[in-house]
Each structure stands twice: as C-alpha cells, then as structure tokens.
Amino acid sequence: MTDPMILGYAVPRGLDMITEDDAKRLTHVNVAFGVIRDGLLSMEQLPDLKAQTARIRALNPAIRIVLSIGGWTAGGFSTMAMTEAGRRAFADSVGRVLDEEGLDGVDIDWEYPCDGSAGIDHDPSDREHFTQLLQALRDVAGNRIVSIAAGGGAYFIEGTEMEKVQAICDYVQIMTYDLRSGFTKEAGHHTSLYAGKGDDSRRNAHDCVEMFRAAGVPYEKIVIGAAFYSRIWKHVADVHHGLLQPTEGVGEYGPGYGELLKNWIGRNGFEAYWDDEAKAPYLFDGETFVSYDDPRSIACKCAYVREKGLRGIMYWEHACDDTHALLRAMADGVRSENG
C-alpha cells in the first residue's frame, strides 16, 4: 500500500521556512496564492516563486509543487467562469504559468461557489460553472495535478457538483479547519476529528468526510485538513472549561502552534485539556478558549486517514509552526504502519 500523501500549504514566508527534513516529509506543497486579475491568472503575490521552488526541489526532487489559486476573499472566479471563452482564457493563462514556473499542477481554492460569505462575486450558476472551469483546467493541465480546496460543510456540497468534480480532480482537499470560525458564536473545536460529547453540529472532520462521500467523492480521493494555527473565543463562561459555551464574539484567528508552545500552552494561566471523544486539544484560562491541533490530535487524524483509506492529510499553513513538530508528527503518523 502506498503511504498517504502529506500536503502543506505555504505562503512565501512559509516556503522559505521549509527545511531539508520538512521537504523530505512532504509529498506535496501547495503554493499560496495565485489570484485572478481581469479574468486571468496573476502571480503578483508570488514574485520569487521560481527561486523558492528550486531550493525546495533540491532538497527533495520527488516533491510535487502545486500552484493554489484563490483563498479567502479572493474573487474573480464567478465572473471569469460565466462563459466558455472566459474559462478557456483563464485556463490558458494557468497553463502558461505552470510551464514557465515548472509547476506540477493547479489547485483551485474558490471560497465558495454560489456563496458570497467571503464578500466575492457569486451567482447560482457557479454550481455548473465550477465543474466546467475544472474541466477547462484539466484540458490544459493534461497529466499534471488538478485539485480543489473544499469548504468543510454541506454549503460547499450544495454549491457544487461534487460527483462530477471529483471525476475531474486528482483529489479533493476538505478544509477540516475553521469549522468553527469567524462566523461562530460558540467556543468549541475548529478542527476536531470527531464530534465531542454534546456536540451535534457536524463540525468535525469525520462528518465532513462522510458528507463528501455521500455526495460522490470516494474515500481514496479525499484529503483531510489539520490546522497549524488556532482559533480564539474571548469572554467565555467558565463552564466545562469553556467548551461549547455561547459567546458574544466570534472565533478569531489565533496564534500558530509555535507561538502557542512558547507563550500559551501551560503559561499565563492557560491550562491544556484533551477532549477524548473529539480527539482534540484546547486551552482555557477561565475566560478565553483556544482551539488548535497538536501532535496527539494529528496522530489521531493520521490513524483515521489510514483506517478509512483516504488519500492523505494536508495543513494550513507551514509558517505557523516554526518548531516543525506538527509536520514531524504527521510524517510519523501516516507512515507508521509502512516503515
């Protein structure tokens, strides 16, 4: 059996932080982000990509480096994908960059088809146009990778044709993080593997996997996500260590794991807890709740990947863990049964 893939998203700073050990542990890197300008791909956010990828390939020639396009608040998808000519022109611009930069494929992170929650252009026709856009990219990419980052919930399935999409894509990365996020006024796990006691929200990796499988995505094409960063809720009632307590504010983007280790976990009044039902850690100091992944929760996710026969595990974002402990746990976890 082939080991599951390990994929890391990396912004330019994260690319510079990939060490030789990191490069040998990773099978794929998704470079974040290309964006859409006037209907075509722009690399304005990745000015030094060729030099950065050359350094990483020298560390591990087998690594696959994929360009991710989009991200939160990155618009232009809906308008571009409205017409066949628009889709073809965009796909051609992607193909040129893949050739020029020597990249191994393209990853579409459209957040989200048919959904304006990120403040981007959207339309009910996005559902069909998303499929057609991916087919245009497949036509240009040939045998190179075509993948998507999918929102972890029913909203993404409802806004897409996942059975058709998965047939075009090499794999589907479910963003099983931010499951409680900047829209959620409830302190709880944002990246747990399972539902904890009393949690019927379906905001966990396992329920996401089963939703996507029911929508036509086979296990062997599913990649689940881990978070190298945290989510924080403030002014939380000191009940059950803050877990599943209602809040006035939403879950804010919090420190990366490296920062949590240095200044949060077991420090400044924050005590670490483990939710064994959810397979997830959290911190609480009596009023502030912090949700994150740690080596233990990542080991549980990796065991789940092997048990279910999933394609692999991925994470956002490499620069968030300067200790490199989470990627090390990921590599140990997915490969532990296969040497």
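## A tour from strand β2 to helix α12

Start by selecting strand β2 (residues 28-37) and β4 together: the two run parallel and are joined by six bridges. What you have open is a predicted model, so please read each stop as a computed picture. To see the pairing close up, pick V31, whose bridge partner in β4 is L67.

Stay on β2 and select A32 and F33. The peptide bond between A32 and F33 is cis, with omega at about 0°. F33 itself belongs to strand β2.

**On to β4**

Now colour β4, residues 64-70, by accessibility. Six of its seven residues are buried, leaving the strand mostly covered. Beyond the pairing with β2, β4 also pairs with strand β5 (residues 105-109), in the parallel sense and over four bridges. Select S68 and you will find D107 of β5 standing opposite.

Which residues touch I69, once neighbours within four places in sequence are set aside? Show its surroundings and you will meet F33, G34, V35, I36 and L41, then F77, F90 and V94, and finally V106, D107, I108 and D109.

**The cores**

I69 is also a good way into the largest nonpolar core, which has 103 residues. I69 is among those with the most contacts inside this core, along with F90, I108, L134, I148, M162 and M330. The element that gives the most to it is α12, with seven residues. There is also a second, separate core of eight residues, and L243, Y273, Y282 and F289 are included in it.

**Helix α12**

Select residues 325-335 next. Is helix α12 mostly covered or mostly uncovered? It is mostly covered, with eight of its 11 residues buried. Highlight A325, L326, L327, A329, M330, A331, G333 and V334 to see the buried set. Then bring in the elements around them: the cover includes β1 (5-10), α2 (20-25), β8 (222-227), α10 (257-263), α11 (295-308) and β14 (312-316).

In the loop between β14 and α12 you will find E317. The peptide bond leading from W316 to E317 is cis, with omega near 0°.

**The open sheet**

Move to the five-stranded open sheet, ordered β10-β9-β13-β12-β11 with antiparallel pairing. Why does one side of β10 and of β11 lack a neighbour in the sheet? Both β10 (252-256) and β11 (271-275) stand at the edges with a single partner strand each, so one side of each is left open in this way. From one strand to the next, the twist averages 30°. Within the sheet, select β9 (residues 229-233) and β13 (residues 289-291), an antiparallel pair with three bridges. R231 is a handy marker here, standing opposite S291 in β13.

**Two positive phi angles**

Step off β11 into the loop that leads to β12 (280-284) and pick K279. Its phi is near 60°, a positive value in a residue that is not glycine. K279 counts as partly exposed because its relative accessibility is 22%.

Then jump to D178, in the loop between β7 (171-175) and α9 (205-214). D178 also is not a glycine, yet has a positive phi of about 55°. With 28% relative accessibility, D178 counts as partly exposed.

**Last stop: the cavity**

How many cavities of 30 Å³ or more does a search of the whole structure find? The search finds one. The largest cavity has a volume of about 30 Å³, and its lining is made up of R180, H189, G196, K197, D199, L243, L244 and D275.

Note on methods:
Residues numbered from 1 in each chain as written. Predicted model: local features only at pLDDT ≥ 70, side-chain atom pairs only at ≥ 80, totals over all residues. Heavy atoms only, no water. Pairing = 2+ DSSP bridges. Axes fitted to C-alpha atoms, helices over the stretch in contact; angles between N-to-C directions. Buried < 20%, exposed > 50% of the residue type's maximum accessible area, 1.4 Å probe, protein only. Contact = heavy atoms within 4.5 Å. Core = buried A, V, L, I, M, F, W, Y, C linked by side-chain atoms within 4.5 Å. 1 Å grid on protein atoms, 1.4 Å probe; cavity = no way out; pocket = protein on both sides within 12 Å on 5 of 7 lines; lining within 4 Å. Points joined across faces, edges and corners; volume = space filled by probe spheres on them.
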